Every structure is written in C-alpha cells, then in structure tokens.
Amino acid sequence: MTVTVSQLRAWNPAALTCVGADIAQINRMFDESLRSVTRAARDTLERWEGDAAETARVLVDQVADTRIVDAVDAYTAVFDAAAREIAAVRQSVLAVVDTALAGGFDVLDDGSVRVADPDLQQRAQGIETQLQSMLSSAVDTDYTYATKLQRAVDVVLGLQPVAEPQPYIPEIRSILPDEPHDLAELWSRLTPYERDGLAVWDPTIGNRDGLPADDKSRYNTVLLRTLVSDARDHVAEVEARHTDWLHDRNLPSENHDDAAALRDYARWLDDRDAAETALAGYDTVQAELSRAGAPTYLLNIDEHGRGALALNNPDTAHNVATYVPGASTVLASIGRDLSRAENLLDSANMVSGARNSVIAWLGYNAPPTLLDATSDSFADAGAPRLERFQEGLRAAHQGDAAHHTVLGHGYGSVVVERASLGDGDVVVAAADTSLPGSLDATSPVEGTARFDGSNYFDRGNPALDTIGRIIAGKGAA
C-alpha cells in the first residue's frame, strides 16, 4: 500500500478534530441525560417494594454502570491523536515537496524527484530518498490510527477486542483495480461504510474513473474545499516571501547592477500569478457547483488545475456529451465552458424528450497560448485521460448503454483526434482553421461531424442546433 503526494496533500486532519469534538459533545449530553434518568429512577424505587421493584433496581444499576460513555470518550481521544499525528506527517512531507519545487526540482506524485541540471542530480536523489521514506511513514501512521479507531468502535459496540486489526479497508484499498470497469464492479459490492472509509484513506478517490457520478461529486466536493484552503495558503506563502514587493516597495530596477535580483523578482511574479490563478480556478468551480438550472456534478478536480463538471447525471442519461475545450482553457474560465455546455444541453433537450447530460471536461492541461497550440504534446498527454474518462462513464452508467458524443473545440479537437474512443461514439470537431491547433481538415477522425468557423455555441446559430441533434442521437440532418 502506498500514498501519493496528491493524496497526502488532500488529507484534511482538521476534519478529524471536528468529528471528535462533535462526538464528545454528544457524549457529554448523553452522560448528563443518563445521570438524570438514573437519579429519577432511584428516587421512584425508594417508594416501591416487591419482586418487581428488585428487578427494576437491578436494571437501573446496570444502566448506571454502563461503560459506553467511557468507551466513547476513548473513541474521541483516538480522533484527536490521529488528527495531530496525521497533520504532522502531512506538514513534514509537503514542506519537503514545496521546498524542492521552489528550488527548481520536479516532484512526481510517487515521490520521485527530477531535475534538469546534472550538477543537482545527487541532491535530487537525496530529496527523493527522504520523501519516499516519509510517504511510507505516512502510510504506517494512517494504518495505525485506522486500526485504533476500529478497535475503539468494537468496544463501543460491545465487541471483544480483537488480537489483530480488522483489515476490511486495508484489504480493499490494496486491490483497487485501475481499469474503470473493474473498479465499477468492485465499487458496486462495497457498503456505504466501506466506500466512505476508502474516501478517508484517499480523498482524491472521486477522480477515479468508473465511480458513480453521485459518489464522485460528493467526494470531490470535499476535496475541493481542501484544495481551496491549500491554494489560499500558497498565495499567502508566496506573498510573504517579499511583502515589500507585494506593496510595490524596493522593486529591482532594470538598470540595477544585480541581474539576479531582477530574475528573482520575475520568478516571484510568475509564482504569485500561478498561485492566484490556481485559487481563482478552485473558487470558480465552487461557485459553479451552485449555479441555477440543471444539477451540477463535480466529476473531477485535482491539484494540477484539471476538472470536469456535468450538467445532469451522466449515469442515468440516455444521451451523454463530453465537451473538450481548446487552448488557454483554465478552471478560472470554466464558467464560460459551462455556459456553452448549458446551450448544448438546451439544444439537445429541444429535440429529445430523453434524459440528456453534457459535461465540460477540462481534464487535460490545455496549451496556455496559441503559439503553444502548435505543439501536439498537450494533446498526446490529454488523449489517454479522455479515453479513461469515457471508459469510466460507460462503466458507471445505469441501465442500457447511453449514446455518447465527444465534442472537441479548437485544440480540443486535436485531443479528441488522438484519443481512441469507444465504438459508437459520435465525434464532433468544432474547429477554427484560422487558428493553430485545430483538427486538420484533410485528415478528420473517421465518423467526425465537422464544423468550421466560430460561435458554434451561440443561441440562434444553426451549428448549435445541429450539434444538439447529434447529441440527442438524431443525426446532423
């Protein structure tokens, strides 16, 4: 069993403290009520004689002697200890990761460390060894407190303590399959308690393809709160590096003799812009989850600024469309993409009485500029992610198979072209040939419905009506 950097970053130890405090408060109220009932019963029994009275006295004594209050107190104490230990482990790991990133090292999710400078290779290896050891310790800490909590539960339930820990969560998490269909099959056999237990172990579990949309959205909404909090902390940390620069004081001059100061300032500006953009993205997603209209499901969200939002539940829809936007797309602009998805959904609803769902899929890192869009590397990295996402939609779908449409807009059409999509998927390429990074008109994907020009998503545009018909399975005619 392992834990990744992104999983650890998503852990929220403060939630354990809150849960423990809530349980402790309820336990105190229960204890006070129990004492009050016991006093009242004993006052009554003082004036009652006979066999029935003796039986009642025995029962009252048993109630008064209950150990449930003490057992629950012990249970809450484990929550407090777990919160402290897990917070310490998390903070230590992330301190190493963030320091490495600030030093120009590339830290992978499994704790591997890479650096382009050959002179820093030995240092990178040292950081990697330290980090992977710490990740292993994090797993041990997690498992230790999961075991202690289970034993505390057993005591509360009146069970005998077991010699070895009950391994229900560790056993399941060690065999979680990677393939969406296999994961969906396993997930369907788990109890709600086991599912939530896995989500505690891996707060990013909602990003696994193959889970039901309801569960994905519920777990990812919790994860989003952690990402927002971490993003705010990161903005504050970057700004705290140079509070004078933050307030436009002591800025390096272009004529300054120290070129290193200018480089540091430029790097700080880039770091602050990246941190603010990340926070703006997560804040925007939070706001869009409560948008009016069709129910919104958070199907994906991660620390790399990727995400996916669905209008209506794709698991129960007859027709499901996945919209892949193009260059310069970021989470902070997802409101625009959801507005386009809403127009597509309304267009499909106009021609079909069936249930329809449209997904704005920002599950790849789009080219930041049009110049970057001349490269295929973004599409090559995004295509496998799109393939797995589509496989996950099929695996989690309820009832008869849905009719799927995958719509690539601009550079998104290149991502769609690179992806090996399922049989029966209808591909729509809304490409603008005047811009780089659109699907080549001479080599479209087989079966592609192609639209050239712009403003495809504007209401009143015939292209929107046609795409709506395609989504609804009515064809382009």
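**Helix faces, salt bridges and a pocket in a predicted model**

Serine 328 comes out as partly exposed, since its relative accessible area is 42%. This residue sits in the loop between strand S5 (319-324) and H12, and its phi is positive, about 65°, although serine 328 is not a glycine. That is worth a second look, as most residues other than glycine have a negative phi. Aspartate 248 is another such case: its phi is near 60°, again a positive value in a residue other than glycine. Aspartate 248 belongs to the loop between helix H10 (243-246) and H11, and with 59% relative accessibility it counts as exposed. The model is a predicted one, and both phi values are computed from it.

Stepping back to the whole chain, there are 15 helices and nine strands. Of the 477 residues in the protein chain, 46% are buried. Looking at contacts with a separation of 6 or more, 66% involve residues that are 24 or more positions apart.

Two helices show nicely how burial is arranged. In helix H7 (residues 180-189), the buried set is Pro180, Leu183, Ala184, Leu186 and Trp187. Viewed down the axis of H7, these buried residues fall within an arc of 170°, so they line one face of the helix. Spacing helps to make sense of this: an α-helix has 3.6 residues a turn, so residues three or four places apart point the same way. Turned away from the buried side of H7 is a face that carries the exposed residues Ser188 and Arg189. As for what the buried residues of H7 pack against, the partners are helix H8 (192-201), helix H9 (213-241) and helix H13 (377-396).

H8 has a buried side of its own, made up of Glu194, Arg195, Leu198, Ala199 and Trp201. These residues cover an arc of only 160° around the axis, which puts them on the same side of H8. Pro192, Tyr193 and Val200 are exposed on the other side of H8. The buried set of H8 includes charged side chains, Glu194 and Arg195, and Arg195 turns up again among the salt bridges.

A search of the whole structure gives 23 salt bridges. Arg195, Asp196, Asp215 and Arg218 are linked in a network of them. Within this network, the side chains of arginine 218 and aspartate 215 meet in a salt bridge with an N to O distance of 3.3 Å. Arginine 218 and aspartate 215 are three residues apart in helix H9, and so are separated by about one helical turn. The two ends of this bridge have unlike surroundings: arginine 218 is partly exposed, at 41% relative accessible area, whereas aspartate 215 counts as buried at 9%.

A second bridge joins the side chains of arginine 291 and glutamate 342, at 3.2 Å from N to O. This pair ties together distant parts of the chain, 51 residues apart: arginine 291 comes from the loop between helix H11 (259-288) and strand S3 (296-301), and glutamate 342 from helix H12 (residues 334-351). Glutamate 342 has 25% relative accessibility and counts as partly exposed. A third pair is aspartate 302 with arginine 306, whose closest N and O atoms are 2.9 Å apart. Here both aspartate 302 and arginine 306 are buried.

Finally, the pocket search. The largest pocket has a volume of about 1700 Å³. Its lining consists of 50 residues, and those nearest the centre of the pocket are Arg9, Asp98, Leu101, His234 and Glu303. Two or more lining residues each come from helix H1 (5-10), helix H4 (68-102), strand S1 (106-107), H9 and H11. Sorted by class, the lining of the largest pocket holds 25 nonpolar, 12 polar and 13 charged residues.

Helix H1 is also where serine 6 lies. Serine 6 is buried, with a relative accessible area of 16%. Leaving aside residues up to four places away in sequence, serine 6 touches Asp109, Thr204 and Glu303. Glu303 thus links two parts of the picture, as a contact of serine 6 and as one of the residues nearest the centre of the largest pocket.

Note on methods
Residues are numbered from 1 along each chain as its sequence is written. This is a predicted model: local features need pLDDT of at least 70, side-chain atom pairs count only at pLDDT 80 or more; totals for chains, interfaces and linings use all residues. Side-chain values use heavy atoms; hydrogens and water are left out. Buried means under 20% relative accessible area, exposed over 50%, partly exposed in between (1.4 Å probe, protein chains only). Helices (H or I, at least four residues) and strands (E, at least two) are DSSP runs, numbered from the N terminus. The arc is that of the directions from the helix axis to the C-beta atoms. Contact means heavy atoms within 4.5 Å. A salt bridge is a side-chain nitrogen of Lys or Arg within 4 Å of a carboxyl oxygen of Asp or Glu. On a 1 Å grid over the protein atoms alone, a cavity is a set of points where a 1.4 Å probe fits but cannot get out, and a pocket is an open set with protein on both sides within 12 Å along at least five of seven lines; lining residues have an atom within 4 Å of a point. Grid points are joined across faces, edges and corners, and a volume is the space filled by probe spheres set on the points.
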